[in-house]
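Student: I would like to take a close look at a single part of this model, and I would appreciate one connected answer rather than a list of values.

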Amino acid sequence: LHGAGLYVSVVNAMLVHDYGNNSLRRGKTDKKDAVKLANYGLDHWLTLPRYVPEEDARLMLKTCYRQYQQYSKVQTMLKNNLISLLDTAFPNANRLFTSPPRADGSEKWVDFVTTFWHCECISMVSENAFTNRYQKWCKRMGYNFSAAKASDLYFESLGHIVTLPKNNNTKLLIQTAAKELTAMNELIAVVRGEMTRLAKELPEYETVHAMYGVGDTTAAQLIA
């Protein structure tokens with residue numbers, strides 16, 4: 001309609017919904033909706049703002065933010081699913097590390113349980129054997145190694161009463177759940193980075209980013 005040269009105004013649906021409800025009849029048809037829209041337009045013609053197409057960056061930012069919200073819901077679901085599985089094989093494994101997520105979205109505790117998916121993967125070997133294996137894992141995954149942390153992890157694996165045995169089926173379930181969560185974390189990190197890039201192209205970014213407590217991601221979300 002805008003491209004055809006007609007005057008177009010975008011109005012919040014709640015304003016039209018609550019307009020002119022002065023009838024006891026609650027009928028709702030396309031014809032009645034059209035009449036209500038026409039009457040609303042006539043009554044508010046002088047104050048109706050003209051529709052202006054949004055620039056591509058702002059439109060893409062809104063779209064990315066909607067996807068970010070959807071992916072975040074899936075991320076929470078996958079995280080809860082992994083934790084519930086670990087409660088039957090390696091209780092409290094999700095609390096072994098306090099490291100923040102990396103820039104690529106990976107989390108240390110998720111990477112850890114992908115390799116050490118059952119408490120008996122640790123408790124059934126000696127502390128020295130686990131420490132050596134943990135050191136190699138840290139080097140391979142790019143994490144800092146601490147002998148004291150290795151000792152803490154070893155003692156955290158002792159004394160658990162679990163319901164899932166240490167077998168290939170349990171390994172498959174936990175590793176699959178961990179890999180799904182890792183993939184979703186990485187996807188969210190990519191979308192978050194794209195949101196920040198798009199937000200920086202908009203003129204209000206510096207103003208929003210300068211607000212107290214607002215970082216790159218929050219600024220992009222507020223603008224979206």
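Student: Does Thr-170 count as buried or exposed, and at what relative accessibility?

Tutor: Bearing in mind that this is a predicted model, Thr-170 counts as buried because its relative accessibility is 2%, and the cut-off for that word is under 20% relative accessible area. The residue has its place in helix H8, where its side chain reaches the backbone oxygen of Pro-165 at a distance of 2.8 Å. Once the neighbours within four places in sequence are left aside, Thr-170 is in contact with Ala-89, Trp-117, His-118, Leu-164 and Pro-165, so that Pro-165 appears both in this list of contacts and as the residue whose backbone oxygen is reached.

Helix H8, which spans residues 168–199, also belongs to the surroundings of another helix, H4, for the buried residues of H4 pack against H8 as well as against H3 (56–86), H5 (120–123), H6 (127–141) and H7 (147–156). Helix H4 itself covers residues 108–115 and is mostly covered, with seven of its eight residues buried; these are Lys-108, Trp-109, Val-110, Asp-111, Phe-112, Val-113 and Thr-114. One of them, Phe-112, is also a member of an aromatic cluster, which it forms together with Phe-97, Phe-116, Phe-130, Tyr-134, Trp-137, Tyr-143, Phe-145, Tyr-154 and Phe-155.

Aromatic rings deserve a further word, since a search of the whole structure finds 14 aromatic pairs. In the pair of Tyr-19 and Tyr-40, the ring centres are 5.3 Å apart and the planes stand at 90°, which is why the pair is edge-to-face. This pair links distant parts of the chain, with Tyr-19 in the loop between H1 and helix H2 (30–43) and Tyr-40 in helix H2, 21 residues apart. Like Thr-170, which counts as buried, Tyr-19 and Tyr-40 are buried.

For contrast, one may turn to residues with some exposure. Tyr-7, found in the segment before helix H1 (13–17), is partly exposed, with a relative accessible area of 36%, and with Trp-45 and Leu-46 it forms a nonpolar patch on the surface, whose accessible area is about 400 Å² for the three together. Asn-92, which lies in the loop between H3 and H4, is likewise partly exposed, with a relative accessible area of 36%, and its phi is positive, at about 65°, although the residue is not a glycine.

Note on methods. Residues are numbered from 1 along each chain as its sequence is written. This is a predicted model: local features need pLDDT of at least 70, side-chain atom pairs count only at pLDDT 80 or more; totals for chains, interfaces and linings use all residues. Side-chain values use heavy atoms; hydrogens and water are left out. Buried means under 20% relative accessible area, exposed over 50%, partly exposed in between (1.4 Å probe, protein chains only). Helices (H or I, at least four residues) and strands (E, at least two) are DSSP runs, numbered from the N terminus. Contact means heavy atoms within 4.5 Å. Patches are made of residues with over 30% relative accessible area and no salt bridge: like charges are joined within 9 Å, nonpolar side chains (Val, Leu, Ile, Met, Phe, Trp, Tyr) within 5 Å. Accessible areas come from the Shrake-Rupley method with a 1.4 Å probe; for residues, only the protein chains shown count as cover. A salt bridge is a side-chain nitrogen of Lys or Arg within 4 Å of a carboxyl oxygen of Asp or Glu. A polar contact is a pair of N or O atoms within 3.5 Å; within protein, one must be able to donate a hydrogen and the other to accept it, and residues adjacent in sequence count only if both atoms are side-chain atoms. Rings of Phe, Tyr and Trp (its six-membered ring) pair if their centres lie within 6.5 Å; planes under 30 degrees apart count as stacked, over 60 as edge-to-face and the rest as tilted.
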